[in-house]
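Here are a few short exercises to work through with the model open beside you. Try each task before reading its solution.

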Amino acid sequence: MWTDKQRGIRLSQQELLCKNSCGYYGNPAWQGFCSKCWRERVRPAEARRQDNSAGADGTPPTFSKFEEKKNMEKGRRINTMRRLFWGGPSPPKAEPSDSQMNVLKAFQKLQPGDFTGFLKILHSPSSQRLQSRCTAFLNTMEAYHALPVQKQSDLVQDFYQSFADYFSRFSEAELTQTMEHVEKLIMTRLHKWVFCHDSCDDEQKDLILQRRIRSLNWVTPQMLSVPFPDVQSAVMGDPFLPAITAIIEMDAKRAPQDKLVCVFKCSQHVFEALSASNSEPANADDFLSALVYVVLKANPPRLHSNMQYVIRFGLPHSLMAGESGYYFTNLSCAVAFIEKLDGPSLNLSPEEFEGYMRRRQTPAAVNGLREVSCETRHLLDELTSRQERLHRGVDALNVQLQTWVQAVHTQIDQATSELVLVHEEVTDLCSSSSPPSSSDSAVIEQVVLTDQYAGPPDTDC
């Protein structure tokens, strides 16, 4: 698949784009198409199957009947969404009223990511119509939560389109920001009904993918040609740990946009780790290889279900273009690579690959890391013993210091009491005879202090 001279997993930018050459990012889950082209291919196929089942009496359906039925199905679904949203089969033609214009201006003034502000505007009296439509749609989806997950996906996507029609006067950036809030509002409520739905096999595929990743935990960065720090610096920890943490957090989010944010953070941490681990600028091949390594080490919970949830219920523009679309496409490619991983993909012979899979041998890099771990543990033990000896020395020094202080205080007390006695004797002598001169008194005091006072004891610290 790739030689020793190649850096990382080879994947050109063209391979990430839609097979229909529409300019948007494709996805392995859509057989290489973008979400728009995929839906255009799937929906006619579903209508064709329904038409074939209707013509089971032996009369072949004509092409005109097929087109008519396909258009009727699409029109019925769109009209259903429009009735929920507008109260009729078509959007209003009249110009928006002053209150509606005020609502639109309030939505336009929202800052990016201000979901709380979006909810405040939506719950205001002037936005009652929008709020009631959202509530009606949510109640309808919850009532029909037993529908196949693909049908639910179509209904949610059609609702997005109907809601976007209300903000048709917005710029593209304003519309994108508003629709992200709408997606978070809708899917936070619907998550428990549509995530890992009973009508699909997402749960079984999650288990298969999890076991597959667990069986590949022996794969090293060197096998994937991921720029990685030297063995000597491995004691500092895995530089991809922030990326591993970010991809694991994806399962805790409920809105597709929030899950994409986790993928975005993971990818940013991957680029930061690559920049710190390699003197050369990181390229797309390095990024994909490092992303494969991150997924193998993280083994994110319910990875397949989370990706399918984003694909089915996320906003199309988030997956078809922009940084989020690019990163999510690379994540899909990384998962597809892991599912098909074999010996040549890692520059290993089939026998070596089979030996690693059956745990009959361990990669040399893993043994090197174990040696580094043992050396590090030995250094830590040595530092711990040195610290304990230092603590014992400090304790002994404190004891000696306290003993010396007590001895000094005792000597000072004795000298003070003896000086008082000398003064009393001198006073008695002065009262019985002529008083001594001042120089004689000074000599007497000096002699007494010299005889009585002893210096501090020698201490060996």
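**Exercise 1.** Find the handedness of the crossing of helix 13 and helix 15, then describe the contact by residue class.

*Solution.* In this predicted model, start with the handedness: helix 13 and helix 15 cross in a left-handed way. Next, take the geometry: the axes of helix 13 (residues 303-313) and helix 15 (residues 322-339) come within 12 Å, at a crossing angle of roughly 145°. Now list the residues in contact: helix 13 brings Leu303, Met307, Val310 and Ile311, while helix 15 brings Phe328, Leu331, Ser332 and Val335. Finally, sort them by class: seven are nonpolar, one is polar and none is charged.

**Exercise 2.** How many disulfides does a search of the whole structure find?

*Solution.* The search finds zero. Take Cys266 as a check: the nearest cysteine sulfur belongs to Cys262 and lies 9.2 Å away, whereas a disulfide needs the two sulfurs within 2.5 Å.

**Exercise 3.** Is Cys266 buried or exposed? Treat Cys430 in the same manner.

*Solution.* Cys266 has a relative accessible area of 1%, so it is buried, the cut-off being under 20%. Cys430 has 27% relative accessibility and therefore counts as partly exposed.

**Exercise 4.** Which elements have the lowest and the highest mean pLDDT?

*Solution.* Begin with the whole protein: the average pLDDT is 78, and 68% of the residues score at least 70. Going by element, helix 3 (residues 63-86) has the lowest mean, 52, and helix 10 (residues 241-248) the highest, 95. Then look at residues 53-67, where the pLDDT is below 50: beyond near neighbours in sequence, this stretch has six contacts in the model.

Conventions:
Residues are numbered from 1 along each chain as its sequence is written. This is a predicted model: local features need pLDDT of at least 70, side-chain atom pairs count only at pLDDT 80 or more; totals for chains, interfaces and linings use all residues. Side-chain values use heavy atoms; hydrogens and water are left out. Buried means under 20% relative accessible area, exposed over 50%, partly exposed in between (1.4 Å probe, protein chains only). pLDDT is the predictor's confidence in each residue, from 0 to 100. Helices (H or I, at least four residues) and strands (E, at least two) are DSSP runs, numbered from the N terminus. Contact means heavy atoms within 4.5 Å. Axes are lines fitted to C-alpha atoms, for helices over the stretch in contact, and angles run from 0 to 180 degrees between N-to-C directions. A crossing is left-handed if the near helix is turned anticlockwise from the far one by less than a right angle, and right-handed if clockwise. Ala, Val, Leu, Ile, Met, Phe, Trp, Tyr, Cys and Pro count as nonpolar, Asp, Glu, Lys and Arg as charged, and the others, Gly among them, as polar.
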